[in-house]
Amino acid sequence: MDEGKAVGSTARKTHEAAESAASAAEDSSAAARQTTQAAERTSEAAETSAEAAEVTAKAAVVTKDSAERRTELAGDRTVFAAERTYAAWVRTGMVGLAGGIGARTLLEGLVPGWMVMAQASVLMLFAIFCFTAGVWRQLFRFEPLAPDIRRLPGWVLIAVNVFLSLVAATALLGIWTGPGA
């Protein structure tokens, strides 16, 4: 009977080992499934990260382009502001020139002659000053950052303002030496 007990004991142990192996096989199979699922999630996360990297790269290019465009537009605004300032100086000089000529004509006989001459002279000198100041910025100009537009050529502005200054100087000379002076 010892032999029967030994065989039964061995059979039990073999059965327990088989059950243990089957349980281990099931655990291994479940672990394999979990590993496969984790690998799939990791693959999906990698794809999502790659897509996010592409979007980020495109956004970086757009941001860079946007910053460059803002710099160009700021340069354009600076050029336009400088041209408006120049136009204001010339406009003011033209008003001074017209006022000087008109003062001599309109005030004659209403106020003393020396006052008419002084007023006309001051307005003519002011006009010459305005024409000179309008060109001054061309002589000591700055370069704006990356404008899209071209600036007016400095030599044109200088030539125009020299001509206007000569007209004002000639008008001043005419006021002092003309009839009724």
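**Exercise 1. Contacts along the chain**

Among contacts in the chain between residues at least 6 apart in sequence, what percentage join residues at least 24 apart?

Solution. The model is a predicted one. Step one is to set aside the pairs that are less than 6 apart in sequence. Step two is to take, from the remaining contacts, those that join residues at least 24 apart; they make up 75%.

**Exercise 2. Outline of the chain**

State the secondary structure of the chain and its order along the sequence.

Solution. Begin with the elements: the chain has three helices and zero strands. Then read along the sequence, which gives the pattern α-α-α. Helix α1 covers residues 2-107. Helix α2 covers 113-139 and helix α3 covers 154-177, with a loop between these two.

**Exercise 3. Burial and surface**

Find how much of the chain is buried and what its exposed surface is made of.

Solution. The chain has 181 residues, and 20% of them count as buried. For the surface, the exposed area is about 12,600 Å². Carbon and sulfur atoms supply 67% of that area.

**Exercise 4. Two surface patches**

Identify the residues of a negative patch and of a nonpolar patch on the surface.

Solution. Take the charged patch to start with: E40, E44, E47, E51 and E54 gather there, and its charge is negative. One of these residues, E44, is found in helix α1.

Next comes the nonpolar patch, which W89, F126 and F129 make and which has an area of about 290 Å². W89 is also in a helix, namely α1. The relative accessible area of W89 is 31%, so W89 is partly exposed. A patch residue needs over 30% relative accessible area, and the 31% of W89 can be set against that cut-off.

**Exercise 5. V79 and L152**

Compare the places of V79 and L152 in sequence and in space.

Solution. Locate each residue: V79 lies in helix α1, while L152 is in the loop between α2 and α3. Along the sequence they are 73 residues apart, and from C-alpha to C-alpha the distance is 9.1 Å.

Now classify them. V79 counts as buried because its relative accessibility is 2%, and the cut-off for buried is under 20%. L152 has a relative accessible area of 41% and is therefore partly exposed. Leaving out residues up to four places away in sequence, L152 touches E83 and L157.

**Exercise 6. The surroundings of A103**

Is A103 buried or exposed, and which residues is A103 in contact with beyond its neighbours within four places in sequence?

Solution. A103 lies in helix α1. Its relative accessible area is 9%, so A103 is buried. With neighbours within four places left aside, the contacts of A103 are E108, V116, Q119, A120 and L123. For one of these, V116, the separation from A103 is 13 residues in sequence and 6.7 Å between C-alpha atoms.

Definitions and conventions. Residues are numbered from 1 along each chain as its sequence is written. This is a predicted model: local features need pLDDT of at least 70, side-chain atom pairs count only at pLDDT 80 or more; totals for chains, interfaces and linings use all residues. Side-chain values use heavy atoms; hydrogens and water are left out. Patches are made of residues with over 30% relative accessible area and no salt bridge: like charges are joined within 9 Å, nonpolar side chains (Val, Leu, Ile, Met, Phe, Trp, Tyr) within 5 Å. Accessible areas come from the Shrake-Rupley method with a 1.4 Å probe; for residues, only the protein chains shown count as cover. A salt bridge is a side-chain nitrogen of Lys or Arg within 4 Å of a carboxyl oxygen of Asp or Glu. Lys and Arg count as positive and Asp and Glu as negative; His and the chain ends are not counted. The place of a charge is taken as NZ of Lys, CZ of Arg, CG of Asp or CD of Glu. Helices (H or I, at least four residues) and strands (E, at least two) are DSSP runs, numbered from the N terminus. Buried means under 20% relative accessible area, exposed over 50%, partly exposed in between (1.4 Å probe, protein chains only). Contact means heavy atoms within 4.5 Å.
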